[in-house]
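Please work through the exercises below with the structure at hand. Each task is followed by a solution in steps.

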Amino acid sequence: MTKGITKNTLQVQLDELNSNLYDFYHLSLDYSERDGGYCLIHNNNKGHVTSGMSGKELHQYLNGALDWNAGDR
């Protein structure tokens, strides 16, 4: 049985990504059904970093960001 992607699952991934970024680049998770689902927002200027996507799509996006960021360590 496949475990569903929840907002908490995405937040844990985002917290891990934010811990590897400079404070200026920290992101927040937002959800708007009108805008297509979950998106990432830049904390400093409140601009959208991603467009709306499903939880599964954002989960994969964050997995990729974490893999890419791991190369910088």
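The exercises concern a predicted model, and they treat its helices, selected residues and a surface patch.

**Exercise 1. Determine what length is expected for helix α1 and which of its residues are buried.**

Solution.
- Step 1. Helix α1 runs over residues 7-19 and has 13 residues.
- Step 2. At 1.5 Å a residue, the expected length is 18 Å, and the distance from the first C-alpha to the last is close to this, at 18 Å.
- Step 3. Thr9, Leu10, Gln13, Leu14, Leu17 and Asn18 are the buried residues of α1. They lie on the same side of α1, because they cover an arc of only 170 degrees around the axis.
- Step 4. Asn8 and Ser19 are exposed on the other side of α1.
- Step 5. The packing partners of the buried residues of α1 are β1 (27-32), β2 (37-42) and α2 (55-70).

**Exercise 2. Assign threonine 9 to a burial class and list its contacts.**

Solution.
- Step 1. Threonine 9 belongs to helix α1.
- Step 2. The cut-off for a buried residue is under 20% relative accessible area. Threonine 9 has 18% relative accessibility, so this residue counts as buried.
- Step 3. With residues up to four places away in sequence left out, threonine 9 touches Lys3, Gly4 and His59.

**Exercise 3. Carry out the corresponding analysis for helix α2.**

Solution.
- Step 1. Helix α2 has 16 residues, which should span 22 Å at 1.5 Å a residue; the end C-alpha atoms are 22 Å apart, in agreement.
- Step 2. The buried residues of α2 are Gly55, Leu58, His59, Leu62, Ala65, Leu66 and Asn69. Viewed down the axis of α2, these residues fall within an arc of 125 degrees and therefore line one face of the helix.
- Step 3. Lys56, Asp67 and Trp68 are exposed on the face of α2 turned away from its buried side.
- Step 4. The buried residues of α2 pack against α1, β1 and β2.

**Exercise 4. Describe how leucine 27 and histidine 42 are placed relative to each other.**

Solution.
- Step 1. Leucine 27 is in strand β1, and histidine 42 is in strand β2.
- Step 2. Leucine 27 counts as buried, because its relative accessibility is 12%. Histidine 42 also counts as buried, at 13% relative accessibility.
- Step 3. These two residues are 15 residues apart along the chain, and their C-alpha atoms are separated by 4.7 Å.
- Step 4. Neighbours within four places in sequence aside, leucine 27 is in contact with Leu14, Leu17, Asn18, Leu40, Ile41, His42, Asn43 and Val49.
- Step 5. Under a like exclusion of residues up to four places away, histidine 42 touches Phe24, Tyr25, His26, Leu27, Gly47 and Val49.

**Exercise 5. Classify tyrosine 25 and aspartate 23 by accessibility, and identify the nonpolar surface patch.**

Solution.
- Step 1. Tyrosine 25 lies in the loop between α1 and β1, as does aspartate 23.
- Step 2. A residue is exposed when its relative accessible area is over 50%. Aspartate 23 has 63% relative accessibility and therefore counts as exposed.
- Step 3. Tyrosine 25 has a relative accessible area of 46%, so this residue is partly exposed.
- Step 4. Tyr22, Phe24 and Tyr25 make a nonpolar surface patch of about 420 Å².
- Step 5. Aspartate 23 and histidine 59 are 36 residues apart along the chain, with 22 Å between their C-alpha atoms.

Conventions: Residues are numbered from 1 along each chain as its sequence is written. This is a predicted model: local features need pLDDT of at least 70, side-chain atom pairs count only at pLDDT 80 or more; totals for chains, interfaces and linings use all residues. Side-chain values use heavy atoms; hydrogens and water are left out. Helices (H or I, at least four residues) and strands (E, at least two) are DSSP runs, numbered from the N terminus. The expected span of a helix is 1.5 Å times one less than its number of residues. Buried means under 20% relative accessible area, exposed over 50%, partly exposed in between (1.4 Å probe, protein chains only). The arc is that of the directions from the helix axis to the C-beta atoms. Contact means heavy atoms within 4.5 Å. Patches are made of residues with over 30% relative accessible area and no salt bridge: like charges are joined within 9 Å, nonpolar side chains (Val, Leu, Ile, Met, Phe, Trp, Tyr) within 5 Å. Accessible areas come from the Shrake-Rupley method with a 1.4 Å probe; for residues, only the protein chains shown count as cover. A salt bridge is a side-chain nitrogen of Lys or Arg within 4 Å of a carboxyl oxygen of Asp or Glu.
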